[in-house]
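User: Please take a close look at a single part of this model, and explain in connected sentences how that part sits among its surroundings. I am in my first year, so a careful account would help me more than a brief one.

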Amino acid sequence: MTRIVFIEYDGTQHEVEVEPGTSLMSAAVENDVPGIDGDCGGNCACATCHLYIDASWRDHVGPPASDTERDMIGFADGATESSRLGCQIAVTPAMDGMVVRLPLGQH
Amino acid sequence: MSTVRPAPDPYAMPLEAIDMSDPDLFQHNQMMPFFKRLRTEAPVHFSPGSDYGPFWSVTRYDDIMAVDTNHQVFSSDHARGGHILGYEMFFIEDEDFQLPMFIAMDQPRHDVTRKTVSPAVGAENLRHMESAIRASCVDILEQLPVGETFNWVDRFSIELTTRTLATLFDFPFEDRRMLTRWSDISVSVPGSGIVDSWESRRRELEEMGDYFARLWQERTHNTEGYDLVSMLATGAETRGMSRAEFMGNVLLLIVGGNDTTRNTLSGSVLALNDFPDEYEKLRRNPGLITSFVPEAIRWQTPLAHMRRTALEDAELGGQQIRAGDKVVMWYLSGNRDERAIERPDQFIVDRRRPRNHLSFGFGIHRCVGNRLAELQLRIAWEEILKRFRTIEVVGEPVRVRSNIIMGFSELPVRLEPWAAA
């Protein structure tokens with residue numbers, strides 16, 4: 001199991017143990033982490049699993065994986081260079097301890 | 001007034017005869033068995049003839065998701081017929097009177113335009129609007145008659161959504177019902193009882209343009225304003241916007257935020273009356289509002305369909321769609337698809353994954369105001385539950401005659417406050 005740290009906009013931390021292969025979105029939703037919604041169920045179609053990859057992990061995780069992800073991030077509130085959609089990132093053992101920040105709100 | 005008629009039987013006719021564009025099916029609330037037959041036997045179904053010409057009906061959740069997310073193939077462009085059946089009738093474009101709206105644009109223009117307005121209904125701005133919406137709601141509730149029958153649609157649903165739109169635009173309070181009027185005429189054709197002629201419709205829409213142009217002029221230096229007009233008038237990317245584009249954006253937000261939220265504010269009351277055990281769950285635990293609100297939006301499906309036009313041949317559900325074909329995503333059907341949603345014909349206030357519904361659409365055109373809609377519903381029910389044990393539906397609802405707008409013109413109710421302790 002891989003440990004992921006979700007930090008809400010107000011600073012509240014949630015440490016979650018995640019089975020490798022699970023998406024960050026599913027990991028948040030299934031562990032009741034507030035601030036990630038996943039309305040479309042992981043179809044890269046709603047941008048409500050918008051999150052920010054902590055700077056030290058950005059190179060490892062990489063930029064948006066597709067034009068669709070890039071387009072959808074463009075519609076999210078407060079998108080930055082650290083933005084990714086959680087449903088498009090599958091957790092790997094190498095991500096153990098990774099920090100992920102959540103936006104003010106999902107749209 | 002709608003008259004009662006016996007329910008037509010979808011199994012008593014050949015599949016090809018089924019035409020889901022018939023607005024009478026929706027007004028009489030008799031469409032669901034037809035959708036069920038289509039989901040089972042012809043999930044991608046061709047209607048060869050209708051008032052709108054031939055079109056495909058897509059009725060399963062997964063197929064709808066596939067169309068909605070494939071904007072490269074399935075176009076919303078106004079020049080091809082736009083985003084709804086009957087677009088040509090509703091959003092008539094005179095040569096001199098083009099109102100561009102991003103709901104009926106493809107990329108790249110869609111993205112650029114949408115991003116000019118999405119901050120106005122984004123998370124940060126919603127925080128600013130919340131207290132004004134709550135104050136409006138409390139004011140409206142405190143003026144409602146208790147213990148006598150009245151029309152919930154007019155006294156509450158229309159009133160709250162209108163005041164919220166007025167807040168969104170910082171529109172003068174005493175003129176707020178002009179917003180409702182402009183929205184109603186823009187989706188009406190002459191002869192429907194709403195507007196008499198194309199000329200008078202256009203004249204009223206020009207008056208709307210003049211009114212908003214004046215507000216724009218007054219706010220060109222209002223960089224601190226959270227209202228949409230100030231944001232557009234002062235934003236670096238938007239202050240050069242043409243009058244036509246400004247009017248198009250304003251009208252889209254007025255229409256988008258008008259009867260949709262209104263009809264869920266009404267439909268949520270009816271749903272709780274139809275499922276009294278669920279109403280009791282909500283009374284005992286108002287915290288369930290968080291899941292009740294999206295469930296109400298699923299249940300109502302304020303816009304029954306969205307339409308696309310195929311830009312190229314495509315296969316869907318084993319059917320061959322040809323370039324130029326109209327493709328209709330029936331959100332109302334997808335929201336009742338047991339393949340994607342558990343016990344979809346039950347209204348469940350504490351449903352798991354209540355937000356996994358199609359009412360806002362998905363993909364690049366997903367409803368930009370969706371969180372504003374949810375905010376109004378949440379505030380409304382927080383304030384209602386503090387004051388009233390029951391909003392009792394005491395007469396037959398009157399439904400709108402439309403294949404797109406799922407709504408009510410009348411919902412007779414009586415309020416029962418909480419008993420004195």
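Analyst: A strand, as the word is used here, is a DSSP run of type E with at least two residues, and strands are numbered from the N terminus. In that sense Ile7(A) lies in strand β1 of chain A, which covers residues 2-7. The model is a predicted one, and the predictor gives the complex an ipTM of 0.94 and a pTM of 0.95.

Let us stay briefly with Ile7(A) before turning to the part chosen for the close look. Ile7(A) is partly exposed, because 18 other C-beta atoms lie within 10 Å, whereas a residue counts as buried if 20 or more do so. Once its neighbours within four places in sequence are left aside, Ile7(A) is in contact with Gln13(A), Val99(A), Arg101(A) and Leu102(A). Ile7(A) and Leu51(A) stand 44 residues apart in sequence, and their C-alpha atoms are 9.8 Å apart in space.

The part for the close look is strand β8 of chain B, residues 326-330. Chain B has a mean pLDDT of 93, with 97% of its residues at 70 or more. β8(B) belongs to an open sheet of five strands, whose order is β1-β2-β8-β5-β3 in chain B and whose pairing is mixed. At the edges of this sheet stand β1 (44-47) and β3 (74-75) of chain B, each with a single partner strand, so one side of each is left without a neighbour in the sheet.

On one flank, β8(B) runs parallel to strand β2 of chain B (residues 55-58), and three bridges join the two. Among the bridge partners here, Ser57(B) is matched with Val328(B), and Val58(B) with Met329(B). Helix α3 of chain B, residues 61-68, packs on the sheet and touches β1, β2, β3, β5 (305-310) and β8 of chain B, while its direction makes about 130 degrees with that of β8(B). β5(B) and β8(B) run antiparallel and are joined by five bridges, one of which links Arg307(B) to Val328(B). Val328(B) therefore has a bridge partner in β2(B) as well as in β5(B), namely Ser57(B) and Arg307(B).

Is β8(B) buried or exposed? Five of the five residues of β8(B) are buried, so the strand is largely enclosed by the rest of the structure. In a regular strand the side chains alternate between the two faces of the sheet. In β8(B) both faces are covered, for Lys326(B), Val328(B) and Trp330(B) are buried on one side, and Val327(B) and Met329(B) are buried on the other.

A helix of chain B offers a useful contrast with this strand. In α13(B), residues 276-284, the residues Glu278(B), Tyr279(B) and Leu282(B) are buried. Seen down the axis of α13(B), its buried residues fall within an arc of 105 degrees, so they line one face of the helix. The other side of α13(B) carries Pro276(B), Asp277(B) and Arg284(B), which are exposed. The cover over the buried residues of α13(B) includes α12 (259-274) and α14 (289-300) of chain B. To put the two side by side, β8(B) has buried residues on both faces, while the buried residues of α13(B) line one face.

How values were computed:
Residues numbered from 1 in each chain as written. Chains lettered and ligands numbered in written order. Predicted model: local features only at pLDDT ≥ 70, side-chain atom pairs only at ≥ 80, totals over all residues. Buried ≥ 20, exposed ≤ 12 C-beta atoms within 10 Å, placed from the backbone. Helix = DSSP H or I, 4+ residues; strand = E, 2+ residues; numbered from the N terminus. Arc of directions from axis to C-beta. Contact = placed C-beta atoms within 7 Å. Pairing = 2+ DSSP bridges. Axes fitted to C-alpha atoms, helices over the stretch in contact; angles between N-to-C directions. pLDDT = per-residue confidence, 0-100.
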